[in-house]
Protein chains: 2
Amino acid sequence: MPRKRNAHRSPEMPTLADVARLAGVSEITASRVVRAQGPIADATRARVLTAITELGYIPNRAAGSLASAGSTLMSVLLPSLSNIVFPDVLRGIHTALTETAFQPVIGVTDYDPLIEERILVSFLAWQPAAVILAGLHHTPTARRHLEHGRFRVAELMDIDGEPVDIAVGMSHRQAGYETGKHLIQRGYRRFGYARHNVTTDDRASARYEGLCWALHEAGLSLVAEHCYPDASSTKAGRDALAILLAAHPGLDVVVFPNDDMAMGGIFHCMHAGIAVKEKLGIFGFNGLDIGQAMPMPLSTILSKRFLIGKTAAEKLLESRERPPEKTIINTGFDIIEGATA
Amino acid sequence: MPRKRNAHRSPEMPTLADVARLAGVSEITASRVVRAQGPIADATRARVLTAITELGYIPNRAAGSLASAGSTLMSVLLPSLSNIVFPDVLRGIHTALTETAFQPVIGVTDYDPLIEERILVSFLAWQPAAVILAGLHHTPTARRHLEHGRFRVAELMDIDGEPVDIAVGMSHRQAGYETGKHLIQRGYRRFGYARHNVTTDDRASARYEGLCWALHEAGLSLVAEHCYPDASSTKAGRDALAILLAAHPGLDVVVFPNDDMAMGGIFHCMHAGIAVKEKLGIFGFNGLDIGQAMPMPLSTILSKRFLIGKTAAEKLLESRERPPEKTIINTGFDIIEGATA
DNA sequence: GCCTTTTATGGTAGCGCTGTCATAAATCTT
DNA sequence: AAGATTTATGACAGCGCTACCATAAAAGGC
């Protein structure tokens with residue numbers, strides 16, 4: 001016996017067929033009106049539109065996606081939502097997607113490539129139009145899926161490497177290097193570094209390496225570093241600096257992996273009565289607003305997070321076809337001199 | 001002529017039929033293995049699982065969703081991603097959804113009920129299992145859709161009102177009231193308020209009202225308020241306080257709609273040499289980590305954002321059926337005494 | 001041993017939409 | 001005016017999966 005229509009749906013939802021019947025056209029014509037695709041006579045369009053409002057018709061995207069083998073979803077895989085950095089990226093993506101039919105589906109990987117792979121696979125089940133993820137480093141399985149080519153791929157934040165399709169971001173190695181050069185030029189010599197526990201944050205590591213390289217070039221090296229055994233936070237920065245200075249009082253500048261921790265460093269100095277900049281330089285990364293609103297603006301590097309997200313989404317929308325060659329877009333960075341180093 | 005199978009798919013994707021064929025079972029049996037549903041003999045399951053790995057099969061959720069009239073998507077509509085508050089909520093939601101089959105699809109409404117309505121409708125096209133949104137205030141059309149009942153609904157942050165299904169949050173009116181009582185008890189009498197431009201942030205308005213009510217009860221009223229003509233930010237708080245004090249030097253406490261602005265207020269005091277707490281009390285809202293990591297921890301109210309998101313998602317997962325009565329979960333709030341008021 | 005219940009599997013018909021092809025009418029060429 | 005092109009519409013199958021039965025075999029009850 002055939003399944004009764006809508007048997008498993010509580011109140012009947014109007015379908016395209018209902019719209020078509022009411023408007024006195026065929027289903028496919030109604031479909032064309034909904035999708036604004038193909039030539040439609042104005043009078044016909046009007047009739048269909050009226051029918052749609054009258055019935056309160058909402059298209060079923062699952063059916064559409066199934067029939068056309070492609071969805072309007074854009075998978076976004078972010079490492080973390082614990083600070084404002086990735087929400088900023090997401091905001092950029094969302095801004096580019098407003099007024100388009102695309103919708104972001106988000107997943108959080110906790111900086112773990114295996115989790116990234118698992119979430120990616122579950123996202124692919126929706127036949128996304130594009131996949132956005134952070135960094136260029138993925139598991140082999142994930143990379144294989146990404147290279148399959150049925151969807152566009154954007155790898156964000158980092159451009160030091162070979163992207164699958166599009167990469168949008170900056171060179172973190174260079175940012176670290178420029179940080180070192182900038183601070184050396186300003187007379188700092190005895191460098192400290194306050195790290196946090198995320199060993200898989202490739203970008204923080206790249207900045208660290210760049211910094212070391214700049215020091216090396218100048219015949220210097222890190223005097224001290226401390227790894228705070230927990231996630232990055234303002235408190236982590238504050239405590240890390242306290243520990244660092246207790247063991248190495250002679251430091252004249254401390255570089256932090258991000259602004260949150262750097263602000264913690266400043267708070268420690270305020271608390272301990274250390275003159276920031278004169279006695280101890282503090283340098284961060286990200287260029288958060290709050291750091292710039294302080295009485296003594298934080299010296300840091302502005303990463304263009306919103307721009308990265310927005311640019312990536314825009315590029316992905318430009319064409320559904322993956323171009324023959326990989327694209328790298330360098331959004332660059334700005335050194336903010338600030339007043340703390 | 002029938003459409004050639006997979007004609008519009010570049011490289012052929014394996015389907016359930018391929019898996020079933022390889023495993024020597026029927027499609028429906030393979031489907032049951034994939035969904036871990038119904039009784040399956042261990043040997044059969046193993047064969048199907050092997051076939052799945054061998055083919056690299058990824059289920060097509062659009063087809064599944066269409067056939068079963070329900071998806072594993074959870075629509076999340078947030079007012080903003082510009083500060084850490086809603087990312088925290090999202091993090092809570094995501095945490096509850098990890099290890100489940102559900103995936104959050106997110107939209108940003110910019111505190112605009114009309115945008116909320118538009119995004120809601122476009123999300124409903126995916127037949128979501130649940131919808132999560134902020135606040136209890138929606139357009140009539142949106143409310144009608146939400147009440148339709150084919151999916152669970154959670155309204156977050158606010159519990160002062162009548163929810164559609166589940167509400168998880170706190171009473172912002174009461175938070176404002178308690179703020180007022182707390183500050184009055186500490187001896188403050190000449191109150192200022194620094195507002196920002198989002199007039200549609202109902203929760204900030206509710207806190208404001210609660211504060212005014214507490215003042216009224218004590219025979220007091222706001223001495224001054226200033227509305228910063230831009231979005232909330234640390235800089236907004238800093239500038240707003242400067243303006244407020246220029247016009248009303250006699251204020252002894254200023255309440256801010258959130259911690260970001262309150263920190264701006266503290267930064268102004270630091271800059272202008274005003275002794276915070278002794279000369280001018282500063283009070284925020286949210287209980288952000290950064291405020292607590294300052295040398296002088298911010299006096300504020302801790303809103304339990306992560307908990308709200310997590311609780312909501314968990315409650316939604318408990319049953320697919322909407323219960324006969326509406327549920328309100330009060331996650332409460334804590335007054336953080338801090339050192340600034 | 002016969003009947004009931006449970007366990008394991010399959011056949012089949014859609015879910016609601018869109019790709020493909022076909023067709024008819026209107027418009028443009030020369 | 002006859003053909004070529006463009007514009008507007010429709011018929012129909014099928015996207016990949018699962019709900020709804022049906023069935024057969026195994027297990028349990030007395």
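These questions and answers concern a predicted model of two protein chains with DNA strand C. Local features need pLDDT of at least 70 and side-chain atom pairs count only at pLDDT 80 or more, while totals for chains, interfaces and linings use all residues. Residues are numbered from 1 along each chain as its sequence is written, chains are lettered from A in the order in which they are written, and side-chain values use heavy atoms, with hydrogens and water left out.

Me: Which residues come nearest to DNA strand C?
Reply: A residue is near a strand if one of its heavy atoms lies within 4 Å of it. There are 32 residues around DNA strand C, and they divide into 15 nonpolar, nine polar (Gly is counted here) and eight charged (Asp, Glu, Lys and Arg). Those that come nearest are A:Leu16, A:Ser31, A:Tyr57, B:Thr29 and B:Thr44.

Me: What share of the atoms of DNA strand C within 4 Å of the protein belongs to sugar or phosphate?
Reply: Phosphate oxygens of DNA strand C lie 2.4 Å from a backbone N or O atom of A:Leu16 and 2.5 Å from a polar side-chain atom of B:Thr29. Bases make up the rest of the strand atoms within 4 Å of the protein, and the share of sugar or phosphate is 70%.

Me: How far is the side chain of A:Ser31 from a phosphate oxygen of DNA strand C?
Reply: A polar contact is a pair of N or O atoms within 3.5 Å. In A:Ser31 the atom concerned is a side-chain N or O, and its distance from the phosphate oxygen is 2.3 Å.

Me: Which symmetry relation links chain A and chain B?
Reply: The copies are superposed by least squares on the C-alpha atoms of residues with pLDDT of at least 70 in both. A rotation of 180° with 0.0 Å of shift along its axis places chain A on chain B, at an RMSD of 0.0 Å. That is therefore the relation of a two-fold axis.

Me: Is A:Ser75 buried or exposed?
Reply: Buried means under 20% relative accessible area, exposed over 50%, and partly exposed in between (1.4 Å probe, protein chains only). A:Ser75 is in strand β1 (residues 73–78) of chain A, a strand being a DSSP run (E) of at least two residues. Its relative accessible area is 2%, so A:Ser75 is buried.

Me: How far apart are the C-alpha centres of domain 1 and domain 3 of chain A?
Reply: Domain bounds come from an automatic or database domain assignment. Domain 1 of chain A covers 16–59 and domain 3 covers 172–303. The distance between their C-alpha centres is 61 Å.

Technical notes: Polar contact = N/O pair within 3.5 Å; in protein donor to acceptor, adjacent residues only side chain to side chain. Helix = DSSP H or I, 4+ residues; strand = E, 2+ residues; numbered from the N terminus.
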